[in-house]
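Here are a few exercises to work through with the model open beside you. Try each task before you read its solution.

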Amino acid sequence: MKPLAELLRPQTLSQYIGQQHLVGNGAILRNAIENNALHSMILWGPPGVGKTTLALLIAQLTNAQFYMLSAISSGVKDIRDIIDKAKTSNEKSILFIDEIHRFSKSQQDSLLGAVEQGIVTLIGATTENPSFEVISPLLSRCQVYVLKELSIDDLRFILDNAKKHLEEQLKIVIEIKETEALFRISGGDARKLLNAIELAVQFIKPENGKLLITNDLVMKCVQKNLALYDKKGEQHYDIISAFIKSMRGSDPNAAVYWLARMIEGGEDPLFIARRMIILASEDIGNANPNALLLANNCFQAVHQIGMPEARIILSQTAVYLAASPKSNASYLAIDEALAFVRKTGDLPVPLHIRNAPTQLMKDLDYHKGYKYAHSFENNFADLEFLPESISGKKFYEPQNNPRENEIRNYLKKCWNKYRY
């Protein structure tokens, strides 16, 4: 039997929940559909807000042939097969690519000719910013539509529809006494919400023909079984957490193991690479500045090469980061500075380091007394760069590793007031 999320998929735009800025009366995408003026597009938004459903509706309402590929399991050959079919078809052809951000550059390149010639109308769905994940030539041929998170009213409407459907199907009365747990588990994802209510109905026993759903019952039965329904849910976050903590803990063997678990499970390699960029700055920082360079190059290489070869690049980078000395000094510094700014407000910029593009500003002593560091010995001039009221406040504290010990020694020679 089909899952509830599939059974309740809307068949008309009036049944479609949310995204009224795109499909409401008079909205840009609705007008394009109603006027049969299709164009290639990228649907960008969080999971479970209706990207796939909207693509299916567009094809249905414009009488187009619908082809669907998942970027996780499809390659250039699959794209070419569909393009060949579209060339011989008398109908308009829509090619929907789910998670298009997972396509490598070469895979995206293979779409260009068919999209430009109008052989297929491309609809790509992505949870990632297409400006970074979709190649420029393809992006320039598509209109990007941003799908918003579903509101609490949208989720309530979806839940009410699900309740009515299940009552008719199972011939029982369902009372949803509390909704907080269902909404919390869903995280704003309509698909997860429908999965959760369907599981609750399966596992909670009705009494006297009535099934009562409460927060406690949902947490006991649904949270325990939801992983079976949504394998990418909690496990997705648990494994990336284990991967990050293994690198932070300087264990390359564990890092490679969790990396393999993610690759084998179909995790987005760009998601993995992106998290390593964050770790390189947050947990290694100036203890080994090359870590950030390597992690960033890893992201670019993975984007260009794609799987399966990208696994080697990911492994090299994960091992390097795990084996690097660690420091979170820069991370601590910016967080302390942000907290300090929120507490102290907008303190005035010292006059001598203000910009002075006009004569009036110069007359007001802007820039007066500024010392150009390169005009002094060792390229250093003893000058106040903080607001006067917080002179001497230290945010960055180098940690005990060879590279940051060098930084500490340099700063100690420069500054007495910071007590390095």
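**Exercise 1.** Is Phe66 buried, partly exposed or exposed?

*Solution.* A word on the setting comes before the steps. This is a predicted model, in which local features need pLDDT of at least 70 and side-chain atom pairs count only at pLDDT 80 or more, while totals for chains, interfaces and linings use all residues. Residues are numbered from 1 along each chain as its sequence is written, and side-chain values use heavy atoms, with hydrogens and water left out.

Step 1: recall the classes. Buried means under 20% relative accessible area, exposed over 50%, and partly exposed in between (1.4 Å probe, protein chains only).
Step 2: apply them. Phe66 has 22% relative accessibility, so Phe66 counts as partly exposed.

**Exercise 2.** Classify the ring pair of Phe66 and Phe96, and place both residues in the chain.

*Solution.* Step 1: take the rule. Rings of Phe, Tyr and Trp (its six-membered ring) pair if their centres lie within 6.5 Å; planes under 30 degrees apart count as stacked, over 60 as edge-to-face and the rest as tilted.
Step 2: count the pairs. The structure holds seven aromatic pairs.
Step 3: classify this one. The ring centres of Phe66 and Phe96 are 6.1 Å apart and the planes stand at 25 degrees, so the pair is stacked.
Step 4: place the partners. Phe66 is in strand S2 (residues 65-70) and Phe96 in strand S3 (residues 93-98), so the pair links distant parts of the chain, 30 residues apart. Helices (H or I, at least four residues) and strands (E, at least two) are DSSP runs, numbered from the N terminus.
Step 5: check the partner's accessibility. Phe96, at 0% relative accessibility, counts as buried.

**Exercise 3.** Which class does the pair of Trp415 and Tyr418 belong to, and which residues form a cluster with them?

*Solution.* Step 1: Trp415 and Tyr418 have ring centres 5.5 Å apart and planes at 70 degrees, so this pair is edge-to-face.
Step 2: both Trp415 and Tyr418 are buried.
Step 3: Phe380, Phe385 and Tyr420 join Trp415 and Tyr418 in one aromatic cluster.
Step 4: look for a charge over a ring, which requires NZ of Lys or CZ of Arg within 6 Å of the ring centre and within 35 degrees of the ring normal. Lys394 lies over the face of Tyr420, at 4.8 Å from the ring centre.

**Exercise 4.** Which residues line the largest cavity?

*Solution.* Step 1: define the search. On a 1 Å grid over the protein atoms alone, a cavity is a set of points where a 1.4 Å probe fits but cannot get out, and lining residues have an atom within 4 Å of a point.
Step 2: list the lining. The residues are Arg102, Phe103, Ser104, Asp268, Pro269, Leu270, Val302, His303, Gly306 and Met307.
Step 3: assign elements. Helix H16 (269-284) and helix H17 (290-305) are the elements that give two or more residues to this lining.
Step 4: follow Met307 onward. The peptide bond from Met307 to Pro308 is cis, with omega near 10 degrees, and Pro308 is found in the loop between H17 and helix H18 (310-322).

**Exercise 5.** Where is Asn36, and what is the sign of its phi?

*Solution.* Step 1: Asn36 lies in the loop between helix H3 (28-34) and strand S1 (41-44).
Step 2: phi of Asn36 is near 55 degrees, a positive value in a residue other than glycine.
Step 3: with a relative accessible area of 44%, Asn36 is partly exposed.

Terms used
1 Å grid on protein atoms, 1.4 Å probe; cavity = no way out; pocket = protein on both sides within 12 Å on 5 of 7 lines; lining within 4 Å.
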